[in-house]
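Me: I would like to learn how to read the features of a protein model one at a time, with the general idea before the particular case. Could you take me through this one?

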Amino acid sequence: MPAIALLANCGKSPGKIRLALNWKPDPQFGGFYAAPYQTHGLDVEILPGGAGTPTIQMVGAGSAEFGVVSADELVVARSQGNDVVALFAVFQNNPQGIMVHASRKLASLADLFKAPGTVALQRGLPYARLLEKKYGFDKVKVVPSPGGDISAFLANKNFAQQCFIMSEPLTAKHQGADVQVFPVSDAGYNPYTTVLVTSGDSLRKDPDRAKAMVAAIREGWRSYLDDPKPTNQRMNQLNPSMALEVFAEVAETQKPFIETDETRRSGLGSMTKERWETLIAQLKELGDIQQAPAATDCFRVL
């Protein structure tokens, strides 16, 4: 697996630290690659991932000291006894959405599920069950998500599919489609995404290392938001399947999902007890968890 090593050159190194990503190098991880680990005395190896990379299990098992997961994934893991703790939430608003053809003139997610057509999504995900519970799927044909493949979408005006707002819609627009996107957060499901986690045991044993990691990553995200170009060039070398111009476009599109009124008040990556409590209650109601973990056990402010 390709990785990028950033070696500490000041002070005593606490040892190699592995940061496991849940996807290939791309703009959603820009701040992790831009982070000045060296100046915080950290020796970090970033481990790129792919579809199905079990980052939360890797952190729980100790095969990676830090990992990137989604908040709902963390809540489910904690309910099952995996002592993982969130430290930094990159995406304050969930970038998951449903993309449709603008020519359908739909006004909302509710309209989408009232109109005949096909909706491609991953029914096993919590947000899909929430949509089904809220809107019902009886008026639409639900098929499995094609992942990043948009060929069916381009061929059929009545085909809608799940997407990341800064990914498939941009690809579809480049191929001539007139795209409209409804964020899943419109339905009230808005977990933090691209969340840095560590194990509770690691945090208790070495809180200073976790604080240094968060400080470096916060600086990295500030740098990447201000000027993504140098880091994009580096990530493009690791992931040449994404063109540099797409890196730039995605980096710009994702900014409002990362920097919000909350982060301007409390700092990049900040999280609130209320948001965690809302998510935990939703997952309990959906049946994803039997025992609800305490919100204050799910995250730390460092």
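Reply: Let us begin with the vocabulary: helices and strands are here DSSP runs, a helix having at least four residues and a strand at least two, and both are numbered from the N terminus. In that sense Thr 194 is found in strand 11, which covers residues 193-199. Please keep in mind throughout that this is a predicted model.

Me: What is the sign of phi at Thr 194, and is this residue buried or exposed?

Reply: Thr 194 has a positive phi of about 55°, although it is not a glycine. As for its surroundings, a residue counts as buried when its relative accessible area is under 20%, and Thr 194, with a relative accessible area of 3%, is therefore buried.

Me: Which other residue that is not a glycine has a positive phi, and where is its place?

Reply: Lys 105 is such a residue, with a phi of about 55°, and its place is in the loop between strand 6 and helix 4 (109-114). Because exposed means over 50% relative accessible area, Lys 105 counts as exposed at 72%. A positive phi is also found at Gly 81, where it is near 95°, and this glycine follows helix 3.

Me: How many helices and strands are there, and how should I read the overall dimensions?

Reply: The protein has 14 helices and eleven strands. Its radius of gyration is 19 Å, close to the 19 Å that the globule rule gives for 302 residues, so the protein is as compact as a globular protein of that length. Taken along the principal axes, the C-alpha atoms fill a box of roughly 65 × 45 × 35 Å. The contacts add to this picture, for among those between residues at least 6 apart in sequence, 76% join residues at least 24 apart.

Me: In what order do the strands of the five-stranded sheet lie, and which of them are at the edges?

Reply: The order of this open sheet is 8-7-9-6-10, and its pairing is mixed. Strand 8 (141-143) and strand 10 (179-183) are the edge strands, each of which pairs on one side only. From one strand to the next, the twist averages 30°.

Me: How do the pairings inside that sheet run, and which residues stand opposite each other?

Reply: Strand 6 (residues 96-101) runs antiparallel to strand 10, to which it is joined by five bridges, and Val 100 stands opposite Gln 180 there. Strand 6 is also joined to strand 9 by four bridges, again antiparallel, with Gln 96 opposite Phe 164. Strand 7 (residues 118-120), by contrast, pairs with strand 9 in the parallel sense over three bridges, and in this pairing Thr 118 stands opposite Phe 159.

Me: Why is strand 9 described as largely enclosed?

Reply: The reason lies in its accessibility: five of the six residues of strand 9 (residues 159-164) are buried, so this strand is largely enclosed by the rest of the structure.

Me: How should I read a nonpolar core, and which residues have the most contacts inside the largest one?

Reply: In soluble globular proteins, nonpolar side chains tend to be buried together. Here the largest nonpolar core has 44 residues, and those with the most contacts inside it are Leu 74, Leu 112, Leu 121 and Trp 276. Helix 13 (residues 273-286) gives the most to this core, with five residues. A second, separate core has 41 residues, including Ala 35, Val 214, Leu 225 and Phe 247.

Me: What does Leu 112 touch, leaving aside residues up to four places away in sequence?

Reply: Leu 112 touches Ile 98, Val 100, Arg 104, Leu 106, Val 119, Val 140 and Ala 160. Another residue named above, Leu 74, is one of the buried residues of helix 3 (residues 71-79), and that list also holds Asp 72 and Arg 78.

Me: How much of the protein is buried, and what makes up its surface?

Reply: Buried residues make up 51% of the 302 residues. The accessible surface comes to about 13200 Å², of which 51% belongs to carbon and sulfur atoms.

Terms used. Residues are numbered from 1 along each chain as its sequence is written. This is a predicted model: local features need pLDDT of at least 70, side-chain atom pairs count only at pLDDT 80 or more; totals for chains, interfaces and linings use all residues. Side-chain values use heavy atoms; hydrogens and water are left out. Two strands pair if DSSP finds at least two bridges between them. Axes are lines fitted to C-alpha atoms, for helices over the stretch in contact, and angles run from 0 to 180 degrees between N-to-C directions. Buried means under 20% relative accessible area, exposed over 50%, partly exposed in between (1.4 Å probe, protein chains only). A nonpolar core is a set of buried Ala, Val, Leu, Ile, Met, Phe, Trp, Tyr and Cys residues joined through side-chain atoms within 4.5 Å. Contact means heavy atoms within 4.5 Å. The radius of gyration is taken over C-alpha atoms; the globule rule is 2.2 Å times the number of residues to the power 0.38. Accessible areas come from the Shrake-Rupley method with a 1.4 Å probe; for residues, only the protein chains shown count as cover.
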